[in-house]
Every structure is written in C-alpha cells, then in structure tokens.
Amino acid sequence: MTRTQGDVYESLNAVRTPQSVSKHPSDLNSQSMRLSNTVKTLKPSATIAAATKAKELKAQGVKVFEFTLGEPDFTTPEHICEAARQAIADGETHYTPAAGIPKLKQAICDNYQREYGLSYEPSQVVVSNGAKHSIHNVLTALCGPGDEVIIPTPYWVSYSALVELTGATPVLVPTTQESGFCLSAEQFENAITEKTRLLMLNNPCNPTGAAYPVATLEALAKVAVEKQIPVLSDEIYEKLIYDGAEFRSFASFGEDVKDLTIIVSGVSKAYAMTGWRIGWTLAPVDVTKAMSNLQSQQTSNPCSISQFAAIEALNGPQECVGEMLEKFKERRKYVLDRLNKIPGLSFATPGGAFYAFFDVSSYFGKPLLGGVTVDNATDFCTALLEQAQVGLVTGDAFGAPGYVRLSFATDLETLEQGLNQLEKFLKG
Ligand SMILES: Cc1ncc(COP(=O)(O)O)c(C=O)c1O
C-alpha cells in the first residue's frame, strides 16, 4: 500500500506531546479563496516529490538509499563560499540591477569566450534565480496561448509544466534508446507547424544523460535556420561530460544559429551551487531586454551575495570542477558496470550529466521483493522505496514510461548499498 502524505503526517504527530499536536494541513485551507486555473492543474516537480517521499521515510528513522535528486552531493568549494562571506562583509547586501551586476555579466561573457570562442556582450545576459527561473523567463518572453513548443522526450520534468504556464502547448516528440535519446533533424522538421515558436533542447540531457553528437546538433541547427525556429538550449550540464563525448554549445554553429539560440546555463551543477540559485541566459538583445523587464517586475534581482559567489566560481580557480568531475566519472563507471550485470535492464550509455536512465519494463508483472508485482514505472518506484528503501524517479515523470532515473550524484558507498538493494528487489 502506498503511504499518503496524510499517513506520514499522522505518524509524525503520533510521537509528539498532546500540546504540540498541530492541525491537519487540510484544516488550514481557505474557506473563501478560489485558486486560479493556472495553478489548479499544476503538479509539484516529480523529482522533488520523489525526494520528499524518501525524506519522510528517513524522518521516521528508516535507512533510505536516495538517488532521486539531481544535485551534486559536494559542498560548494571553499573559495566560492569565501567570496560570498566577503560580499557580506563589504556590504553587498542591497538590490542589484534586475538582470545582474555588471561584473557577473562580464564574467559570464568572458567564460563563453574562453570556453567556446563565443562572443557575447553583457547586454545579452540576464542572471536569474537558477536556470529553472531562466527557462521560465525565456518561455514567458517568447510564448503564449496558441503557440507550440517542441520538446524531445524523455525531457526534464519542468519543461512541459513551464510551457503550460504560459498558455502554450508542449509538443512532445519521443526519441528512442537506439538513437541515444537524441532528437534527429528529421523529427524536428516533421514536428514544426505554423504555430511552432521554440525548440527546447537539453544537452547533456536530464534524465537520459544523452550528450548530443556534434553532427546531430549541426543538422538540428540547419533545420532551425531554414525554418527560422528559435532554440532554447539548456546547457546546465555542459561541464559534466564523459568518455570522450564532446560538448558543443548550440550557439557555436554560426552567427545565424547564434541569432536563433537562447543559451540557458548556470552554476548549480558544475560548481555544486544548487542552493545559491544563480542561472543565466545569453540571447539577442531585444529578448534579453524583455526578460530583464519581466524579472524586474517578478523578483527585482537574483540574490546579491550569490552573484558575488558566482563571479568567483567563474573567474576563480577551476580545479574544483575537474575534481568533482573525476568523482562523477568513478561513480558513473561503477553504476553502469553494476547495471550492465543485472539481467533485464537496458539503457543508452549516458555521455553527460549524472544520471543513469534505464528500462525496467521487463520486470513488470513478475514477483519482486515482498511478492509485489507492478505494471508501470511509477508503481515500480513506489514498491522499490517501500520494499527495499531505494529512491529512484519514475520515467513517467519524464515522458518515458517503463524507465527509471538514478542520480549518481552521491557517494560510492551509498551507491553500492543501494544497488545491492535494487538487485535484491528485482530478484524477488
Ligand atoms: C535540465 C535542467 N535544466 C535546468 C535545471 C535547473 O537548474 P537550477 O538549479 O539552476 O535552477 C535543472 C536542475 O535539475 C536541470 O536538470
């Protein structure tokens, strides 16, 4: 049986004294406020929901092997933390320009010049509260009711929800394990209609780990230019690349492609800075201005202290990125070796990010640990958590039925124990 949030709430309350018993959350609902249509159908992020479930079990004292959340387990490198402390000491605690402080915008431009030979001006940069916020800005600036946005699946959980928030329609285009979960130029072209406003590309991809081959990107870029379709290129995992896979920014295929590209990236994944909430966009000036205006009304500016930390992340020593990448490499190899040895699982080798995304559908209908049977990936993940205390995210959340996602952004020992548990669970 699946435990509901109510069950967990009851069990947490059971250990409190009578004086400390609080009201059930549903008793605190408004009697007179009506929710808007925009939020009524909005679901919480599936990855955050899966992590919450695992945390609830942990709160009850259960040992849980948690591979749900997409964030590095490392703490932010010390020199970056020190820059933040210095910013506080220097009194950098005020509002900043809406699109970010000039020094950070310059550091971002310098970074793209240095890393990829791409020339951007600070007037083309908006710094936001994380890359997720950047994506929301792009979609709000470019899309509205009646528009279509092409999203290759499997896709990151928030893409379709954020498109829907603008009133536009997500057009999901399935990719296959055989293609390494990469959208082909032909698929892109076939999905384009008169209503198409944008392609959302995620390279390297969450959840599949797909790192697009340069030739595929080039072919997609050619279609984008021919059909004049803008591309939101979410490159947040750009620095996490393995086994000789090559990362190429979508904007690097010529000036005409760059004119159609909005790069989204940030410091969250490469510098273990998820909590600092700094992401950015690089885009043509008019789109940048629109997003900056939008942001000035929404949030005023991203956190001033985090912006100073991000300057240090980009301008400071880069060894920390390589060191974390080495750890991810080791974990990735370990996880893939183990998964390869488990009969009935299949996956496309991830070239980037920190996820293993594998097909578990051959286990549907068979008795698993505790005698349970399941017939979809969501029930698989629920049973796995309940029977073996392993937290994975269902592929259903990513538009990929039959698959599950394991984040290997955690230490080797936990990975080993969790994979032992997974094996036990599958053996039944
Ligand atoms: C593909 C993708 N894009 C964007 C983000 C958001 O990054 P941030 O934490 O900077 O908002 C994530 C985070 O998981 C992600 O996986």
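A polar contact here is a pair of N or O atoms within 3.5 Å; within protein, one has to be able to donate a hydrogen and the other to accept it, and residues adjacent in sequence count only if both atoms are side-chain atoms. Keep that in mind for the ligand: one of its oxygen atoms is 2.6 Å from an N or O atom in the side chain of Lys269.

Quick housekeeping before I go on. This is a predicted model, where local features need pLDDT of at least 70 and side-chain atom pairs count only at pLDDT 80 or more, while totals for chains, interfaces and linings use all residues. Residues are numbered from 1 along each chain as its sequence is written, and side-chain values use heavy atoms, with hydrogens and water left out.

Okay, back to the ligand. Which residues surround the ligand? We've got Gly130, Ala131, Lys132, Trp156, Asn202, Asn206, Asp234, Ile236, Tyr237, Ser268, Lys269 and Arg277, going by a heavy atom within 4 Å. Besides Lys269, Tyr237 puts a polar side-chain atom 2.8 Å from a ligand oxygen. Ala131 uses its backbone instead: an N or O atom there lies 2.8 Å from an oxygen atom of the ligand.

Asn206 from that list also has some odd geometry, since its peptide bond to Pro207 is cis, with omega near 25 degrees. There's another cis bond between Asn203 and Pro204, with omega about -10 degrees. Pro204 sits in the loop between β5 (196-202) and α9 (214-227), and Pro207 is found in the loop between β5 and α9 too. Helices and strands, by the way, are DSSP runs numbered from the N terminus (H or I, at least four residues, for helices; E, at least two, for strands). On the other side of α9, in the loop leading to β6 (231-234), is Gln228; its phi is near 55 degrees, positive in a residue that isn't glycine.

Now the domains. The assignment, which is automatic or from a database, gives domain 1 as 46-69 + 320-427 and domain 2 as 94-317. Their centres, over C-alpha atoms, are 27 Å apart. Each side brings 28 residues to the contact, meaning heavy atoms within 4.5 Å.

How much area is buried between domain 1 and domain 2? About 2200 Å², with 63% from carbon and sulfur atoms; that's accessible area (1.4 Å probe) lost on putting the two parts together, summed over both. On the domain 1 side, Val321, Ala353 and Phe398 supply 22% of what that domain buries, more than any other three residues.

For polar stuff across the interface, there are 12 residue pairs in polar contact, both residues at pLDDT 80 or more. On the domain 1 side, α13 (319-341) is among the elements supplying at least two residues, and α13 gives the largest share, seven. That side splits into 19 nonpolar, five polar and four charged residues; Ala, Val, Leu, Ile, Met, Phe, Trp, Tyr, Cys and Pro count as nonpolar, Asp, Glu, Lys and Arg as charged, and the others, Gly among them, as polar. There's one salt bridge between the domains, defined as a side-chain nitrogen of Lys or Arg within 4 Å of a carboxyl oxygen of Asp or Glu.

Last stop, Trp276, in the loop between β7 (261-266) and β8 (279-282). What does Trp276 touch, leaving aside neighbours within four places in sequence? Thr76, Cys81, Ala84, Ser306 and Ala309. With Thr76, the side chains make a polar contact of 2.9 Å.
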